[in-house]
Amino acid sequence: MPCTVVVGGFFGDEGKGKMISYLVVKDQVDVAARGGVGTNAGHSVTWKGRTYRMRMIPSAFTNPNTQLLIGPGVLVDPTVLLREIEEVGAAHRTRCDPYCAIIEPEHIREDQESAHLKGKIGTTGTGCGPCNADRVRRAVRTASEVPALKDYLIDVPTRVNEVLAEGGTVLLEGTQGTFLSLYHGTYPYVTSKDVTASSICADVGVGPTRVGTVLIVFKAYVTRVGAGPLEGELSEHEADMRGWTERGTVTGRKRRAAPFNFDLAKRAVMLNGATCAAITKLDVVFPECRGATDFGSLSSDAIDFVRRVENKTGIPVHLIGTGPAVEEVVDRRNGSG
Ligand code: GTP
Ligand code: IMP
Ligand code: MG
């Protein structure tokens, strides 16, 4: 079936943005629609020698023929959206749903000043939690009420389902990660809604019978920003020694790191009904694999690791990231390896 959903398998920042940008360059994707929470996401996409850090527009912008949509479940910060549209020159092909809820300056202020949210939970401070709380109270503005967004509105569920009915291809972009889900994550250290595959579909307005592929993205190790449990967490020194130290795309905070967690991966596959997986940053754990695009050229340790992930999770690893650039991917979808 021509509808694919991409989700994060750990705590966000698995490299979904990079994998999505690869998929749309490689495949013909008519429409990419973003689900997930809102501007708390930060996708890094390294494309044609430049690194883009996007929080609102779909990472699929790397294919100039792909329409870029934002589903009604997503929170929109108009300033961020308009800036990103301008940055990638995608005004003609970026649209959001009139029912998207609007993040107001007061939401951002509350998120950044609240001892509970910013202090205890360690939120991104982007206003998403307070905005979703107001949305549940039915007290937010929607995109249809923002004059600056007037030219960018379309009925996203109708558009996406029309493309599917005509035999076109659709990619639904999830954000965050399974264990940041409000329902399935490490509550209270979670984001402000569910972010598993079912919710990403609901965010865009696609029913479960329309989805053929659920691609779950894992990193070759686990990272987490903000507070909350992280099994096997390494000391900062150890993470630095291994080259696993990262900084958050949105907040610049250091990401905590731990080795790949097979039990979490297995549970994430279950919660998302994942049909296949991607593993990013294989080159960070196995530096000899840097830049590889062919499964056979990976080291035997790296191949063993990939096979262990497959055995433990019960799904095939279709894509492997071997560097930050869009094209640094081993693509096993045609059965190689
Ligand atoms: P959220 O939506 O915020 O969860 O983010 P994300 O899943 O899109 O990931 P993010 O871009 O925040 O973090 C992933 C980081 O890993 C980025 O800096 C990417 O450039 C980088 N990256 C992704 N894949 C690879 C890879 O295969 N190898 C290397 N070396 N870097 C990678
Ligand atoms: P919030 O979503 O900003 O309310 O933050 C709640 C928790 O989710 C915090 O631990 C954040 O660090 C984490 N979080 C939210 N979005 C992302 C993301 O895109 N990547 C990684 N962590 C995130
Ligand atoms: Mg991120």
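**How do we know? Reading the sites and strands**

Modeller: An oxygen atom of ligand 2 is 2.8 Å from an N or O atom in the side chain of Asn-40. Keep in mind as we talk that this is a predicted model.

Biologist: What makes the pair at 2.8 Å, ligand 2 and Asn-40, a polar contact?

Modeller: The cut-off for such a pair of N or O atoms is 3.5 Å, and 2.8 Å lies within it, so the pair counts. The side chain of Thr-191 offers an N or O atom 2.6 Å from an oxygen atom of ligand 2. For Gln-176, a side-chain N or O atom is 3.2 Å from a nitrogen atom of the ligand. Both values are also within 3.5 Å, so these are polar contacts too.

Biologist: How much of the 470 Å² that ligand 2 exposes when taken alone does the protein bury?

Modeller: The protein buries 97% of that area. Ligand 2 has 15 residues around it, and Asp-13, Asn-40, Thr-124, Thr-191 and Arg-253 come nearest. By class, this shell holds 6 nonpolar, 7 polar and 2 charged residues.

Biologist: Asp-13 caught my ear. What makes Asp-13 a donor of the magnesium ion, ligand 3?

Modeller: A donor atom must lie within 2.8 Å of this metal. The protein donors, Asp-13 through OD and Gly-42 through O, are 2.1 to 2.2 Å from the magnesium ion. Those distances fall within the cut-off, so both residues qualify.

Biologist: How do you know that the pair links distant parts of the chain?

Modeller: Asp-13 and Gly-42 are 29 residues apart. Asp-13 sits in the loop between strand 1 (3–8) and helix 1, while Gly-42 belongs to the loop between strand 2 (31–34) and strand 3.

Biologist: Why is Asp-13 called partly exposed, and why is Gly-42 called buried?

Modeller: Buried means under 20% relative accessible area, and partly exposed means between that value and 50%. Asp-13 has 23%, so it counts as partly exposed. Gly-42 has 13%, which is under 20%, so it is buried.

Biologist: Let's turn to ligand 1. Which residues are closest to ligand 1?

Modeller: Among the 23 residues that surround ligand 1, the closest are Asp-13, Lys-16, Gly-42, His-43 and Ser-44. The shell counts 3 nonpolar, 13 polar and 7 charged residues.

Biologist: How do you know that ligand 1 and Asp-283 make a polar contact?

Modeller: A nitrogen atom of ligand 1 is 2.8 Å from an N or O atom in the Asp-283 side chain. That is within 3.5 Å, so the answer follows from the cut-off. Backbone atoms take part as well: a polar one of Ser-44 is 2.7 Å from an oxygen atom of ligand 1, and a polar one of Gly-321 is 3.2 Å from an oxygen atom of the ligand. The protein covers 92% of the 660 Å² of accessible area that ligand 1 has on its own.

Biologist: Which elements give two or more residues to the shell around ligand 1?

Modeller: They are helix 1 (16–26), strand 3 (43–47) and helix 10 (282–285). Helix 1 gives the largest share, 3 residues.

Biologist: Why is helix 1 described as largely enclosed by the rest of the structure?

Modeller: Of its 11 residues, 9 are buried, so the description fits helix 1. The buried ones include Lys-16, Met-19 and Tyr-22.

Biologist: What makes strand 14 and strand 15 a parallel pair?

Modeller: Two strands pair if there are at least two bridges between them. Strand 14 (276–280) and strand 15 have 3 bridges in the parallel sense, so they pass. In one of them, Ala-277 has Val-317 of strand 15 as its partner. On strand 15 (317–321), 4 of the 5 residues are buried. Strand 15 is also joined to strand 16 (329–331) by 3 bridges, this time antiparallel. Here Leu-319 is partnered by Asp-331 in strand 16.

Biologist: Last one: why do strand 11 and strand 12 stand at the edges of their sheet?

Modeller: The open sheet has 3 strands in the order 11-13-12, with antiparallel pairing. Strand 11 (221–224) and strand 12 (246–247) each have a single partner strand, so one side of each is left without a neighbour in the sheet. Strand 11 pairs with strand 13 (254–259) over 4 bridges, and Tyr-221 stands opposite Pro-259.

Note on methods: Residues numbered from 1 in each chain as written. Chains lettered and ligands numbered in written order. Predicted model: local features only at pLDDT ≥ 70, side-chain atom pairs only at ≥ 80, totals over all residues. Heavy atoms only, no water. Near = heavy atom within 4 Å. Polar contact = N/O pair within 3.5 Å; in protein donor to acceptor, adjacent residues only side chain to side chain. Areas by Shrake-Rupley, 256 points an atom, 1.4 Å probe, with all protein chains shown as cover. Nonpolar A, V, L, I, M, F, W, Y, C, P; charged D, E, K, R; others polar. Donors = N, O, S within 2.8 Å, 3.2 Å for Na, K, Ca; no water. Buried < 20%, exposed > 50% of the residue type's maximum accessible area, 1.4 Å probe, protein only.
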